[in-house]
Each structure stands twice: as structure tokens, then as C-alpha cells.
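Let's walk through a few spots in this model, going from a residue in one loop to a charged patch on the surface. Keep the viewer open and follow along.

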Amino acid sequence: MGNADIIVVGHGLAGLVAAAEAADAGRSVLLVDQEPEQSLGGQAFWSLGGLFLIDSPEQRRMGIHDSLELATQDWMGSAQFDRDEDLWPRRWAEAYLDFAHQEKRAWLRSMGHRLFPVVGWAERGDGRADGHGNSVPRFHITWGTGPGVVAPFERRVRAHVEAGRITFAHRHRVDEVIVEGGTATGVRGAVLEPSSIERGQASSRVEVGEFELRAQAVIVTSGGIGGNHDLVRKSWPARLGTPPATMVSGVPAHVDGRMIAITEATGARVINRDRMWHYVEGIRNWDPIWENHGIRILPGPSSLWLDATGRRLPAPNFPGFDTLGTLKVLRETGYDYSWFVLTQKIIEKEFALSGSEQNPDLTGKSVRGVVDRARKGPGPVEAFKRHGEDFVVADNLSDLVAGMNKLGETTLDEGALRRLIEARDRQIDNHYAKDAQITAIYSARHFLGDKLSRVAKPHRLLDPANGPLIAVKLHILSRKTLGGLETDLSGRCLTAAGVPLPGLYAAGEVNGFGGGGMMGYNALEGTFLGGCLFSGRVAGRAAAAAV
């Protein structure tokens, strides 16, 4: 294997984008990854394919009035930038917002990418106009989910492989970024034995050789730390309480964060290590692909949310509103889990599962499947209800509580829970409820997309006509790294002195999706894939122009 103009470390979405852009500019590229070829596309393949867009045709068709000004207010209110190190993250945020407003949709569309017409409303916020959350729906699901996002860039990369401009180096684990005379000039590492494992499964780490590759520029796109729970706990911020003793994993084991330290050893600066994004609606996958495989429930707003002791979470910690705000509240309970209590009518209308494999209708681009989902509820959700170890289904509250007590670490008081639910149910009788969650449900149903497919008509939980009753034990699900390698607006890695380290670039989750943390403390959803697309494009083009 010869040398190249540019080495890209990591064949996930950001790496594919960077490699394709650099090759488009006529540069030769080595695309290096420790995993086998069947893992091409990385985490993005497993995603729901959600993209953050501003004032899109899809929004306008649904009567959603969005603007760059409103989106900027939402982003900055969520990011809450407050550090000297936030200089470049803030600049990346501003650049990304402009990209999401102007060029992002048309650029993807030119490559054959298409969107599902119903826009979702993720991270509805903390209740403050200038605080965290989306003021309007902005979550655009890719028609084809994660594989549909990866496909255009995989096609471009494979075309360049055929033309000889890109060379794959699968099963090449980078252990060192070579720096000579203050400039990044290549990578060294171990060649791992071939692996025929299926995508997502843990591959062998048996070494069969060594390698050294040289280039004029190195782009690191190796992802975050979500698969390494020890590193997650080490980086866990005090503002979110104590780190959980147990989590389920939303990403495969190879998302281990090792390239962050390897790149930092060159002199590149890592910032905002304590900023991270973990979900609080994780369930254990009854048919796992990787070890400790967790799936996130993407909930509508109607489920009653209880902590492990049976206390209702305080407003505005409702399903789908404020991920990290809810995580903070739950960490204060001393338990690593919580509960949803709901009905069959709610689960049919409001439960979706994150992941391409959990949405075969959208992933397979099946119109009939989407229609069936709207009529009957998602099939994979029903499969979890039948087989998932975190689900309790009962015809009455007594049996439900008994099942919850078998799964939990505490003994829930049936009488207390009954009084809580009955008080909630009395708020359903008119449209003038004082219960903030009920008010939020009525408000959500003013949006046509929610009324049609995401928010059940308000109803009494204890009315048998709406049953059976369902309880879901929810775990913390490790996922995204919001900090990382500090980069300027060309994707160049910066040193502690604030100057670029020549020849070294970063993109994707390894640099907090831009600058070392362009989302600040919080994310608005649909921003992870978009951050990979944008930062990968920037780094690929900049490196190609520089060599």
C-alpha cells in the first residue's frame, strides 16, 4: 500500500464525507479504519437518519414558521456557551446554522438524498423562551434512515476507489499520528487479522503486522467515547450528578475514544471533555447486535414519568422535552433507572425506537409499511412489548405494580401510585387542565404532524378501554461526545497556543462535531449527523486545498 496526499482515519460518516470531498478535488486518499469493510458508515448506519434543517420546504408545507433568527436563539439558548474555550465552538455553531438554513438540504438532495415529509419535534425544551429546546419542529427524518444518509457518500467513495483516487485500509488500527518538524506526516499502527463479523459486532484485536503510512495531511474522524463506559464515567461532569454504575450502550464497542488521546499526544488540544449527551429512555435490546445493546425510545409527550421510587418527575421533565435536564434530575435520585407508565393507546401512537434496524418501513422506503405503522403502531415496538425484559404489561394497576416491583430495586406503593394517576386522570375531563404535562399534550396536538402520528388523544390511564396498562423500565443510554479536538473553521487541529498544527485536521464526533463542541452543553437533535456532514465536508475540502 503506497502513500497518499491525505490520510483519513475513520470510515464513519464524517470520514466518508471528508474522503469523498478530498478525492473530488483530485487528491489521493487513504481511508484507514480498525474495523472491517462491513462496518463502513460507522454509527451513522444505525441511526434514524434525523437531520436538523431550518425553514425547509417540509416545514413550510406543514405550516411551521421557522427562521435563522429563531433557530439561532434556540441553539445559543441550548448551547449556553460560557467558557474561554468556546470561541471556536461558537464560530462553528454560527457556520453550521447558516449551512442548515441555506445549503445543506440542496447539497444532499443533489446526491439523491430524500426526506420523509412529516417533520418531527425533538427536544421540546426546558420551558424558557431563551433556554434549551426547539421552538418549532425541525427533526427531518431521512427516507431510508441512517443507511440513506450513508449511501450517497459511500457511492462517491466507491467510485473514487474504482478510479484509483481512494484506497481502503480496513483492519488498520492507528496507534500513532506521526509528527515531524511540527507537521503531521502520517500514521503508524497495527494490522489486525481479517474479520467476518457482522456490522456492529465486536471484531478481533489480534495483530498480524505493522504499518506506517505517509501523507501531506491527516484527517482524524474516529468518533467519540460512547462505547467506552469507563471513559464516559471518567469524563462525567459534576453538574449532572454522580456517574451511573450501570448504563446500556447506544453504540458499538469500537466507539472507544482511543484516537482522541492518540491525537492529543501530537500536541493537538482537547476541550470540553465534560460535555456529553446520554439518553434517559434506554431499553435493553431483546435481540442485541452488540454487547449491552440499548435502544432509545423516542417518546411522544403523554407517558407518565416516574423515578425509581415512584415519584413523578417535576415539570418540565416530560418525555421528549429536555434530555440532560431530566438526566440531572434522575441522577439525584440515587438510582440508575426510571419508569414510564402508559397505555396501549399511547404506545401505539407515541413510541418510536431509534435506529435504522428498528424502523424497517422507513429504512426500506416502504410506503405501505409507513401506512401500517400509522394504523397499527410500529411492529418493532410491539416486539419489544412482547419480548423486552424492561416491559411490564397488565390489565390492572395492581398487577402492573407487582410486575414493576419484580424488575426494580425498590418496592413501589400501589396506593400512592393510584392516587397520583387518578389525580392526573381527573385533568383530562376538560381543556383547562392545570397539569403542565396535560397542557403540553394539548399544545402538541395543535401541530398536524404530532396529531397525525406522534401524540395520542388525551385519555385516562386507568380507563380499561385504553388498556392494557404498560410500564417500561428506562436505563441511561450512552451515546454522544459533545467536546473534543479543538479546530478552526477549516477543520485544522489547534494546539494549546491556539495555532494550527500543520497537516492535522479533525471532523465529526472526535472534534465535538466542529470546533471542539459546537453544540455546547446541549443538543437540539438532528445535529449529530449534520455535524458529521458539515465538519467532514469542511475538513476534506480544506485539506485538499492545502496539499
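## Two loops and a patch

Met 518 is found in the loop between strand 21 (500–506) and helix 18 (528–546). Bear in mind that this is a predicted model. Is Met 518 buried or exposed? Its relative accessible area is 0%, so Met 518 is buried, the cut-off for that being under 20%. Gly 531 sits 13 residues away from Met 518 along the chain, and the two C-alpha atoms are separated by 8.6 Å.

Now hop over to another loop, the one between helix 5 and strand 4, where you'll find Ser 110. Ser 110 counts as exposed because its relative accessibility is 61%, and exposed here means over 50%. A polar atom of the Ser 110 side chain lies 2.6 Å from the backbone oxygen of Trp 107. Ser 110 also has a C-alpha 9.6 Å from that of Pro 152, with their positions 42 residues apart in sequence.

Arg 114 lies in the loop between helix 5 (104–109) and strand 4 (139–141) as well. With a relative accessible area of 34%, Arg 114 is partly exposed, as the value falls between the 20% and 50% limits. Arg 114 joins Arg 109, Arg 155 and Lys 365 in forming a positive surface patch.

Here are the accessibility values side by side:

| Residue | Relative accessible area | Class |
|---|---|---|
| Met 518 | 0% | buried |
| Arg 114 | 34% | partly exposed |
| Ser 110 | 61% | exposed |

Definitions and conventions
Residues are numbered from 1 along each chain as its sequence is written. This is a predicted model: local features need pLDDT of at least 70, side-chain atom pairs count only at pLDDT 80 or more; totals for chains, interfaces and linings use all residues. Side-chain values use heavy atoms; hydrogens and water are left out. Patches are made of residues with over 30% relative accessible area and no salt bridge: like charges are joined within 9 Å, nonpolar side chains (Val, Leu, Ile, Met, Phe, Trp, Tyr) within 5 Å. Accessible areas come from the Shrake-Rupley method with a 1.4 Å probe; for residues, only the protein chains shown count as cover. A salt bridge is a side-chain nitrogen of Lys or Arg within 4 Å of a carboxyl oxygen of Asp or Glu. Lys and Arg count as positive and Asp and Glu as negative; His and the chain ends are not counted. The place of a charge is taken as NZ of Lys, CZ of Arg, CG of Asp or CD of Glu. Helices (H or I, at least four residues) and strands (E, at least two) are DSSP runs, numbered from the N terminus. Buried means under 20% relative accessible area, exposed over 50%, partly exposed in between (1.4 Å probe, protein chains only). A polar contact is a pair of N or O atoms within 3.5 Å; within protein, one must be able to donate a hydrogen and the other to accept it, and residues adjacent in sequence count only if both atoms are side-chain atoms.
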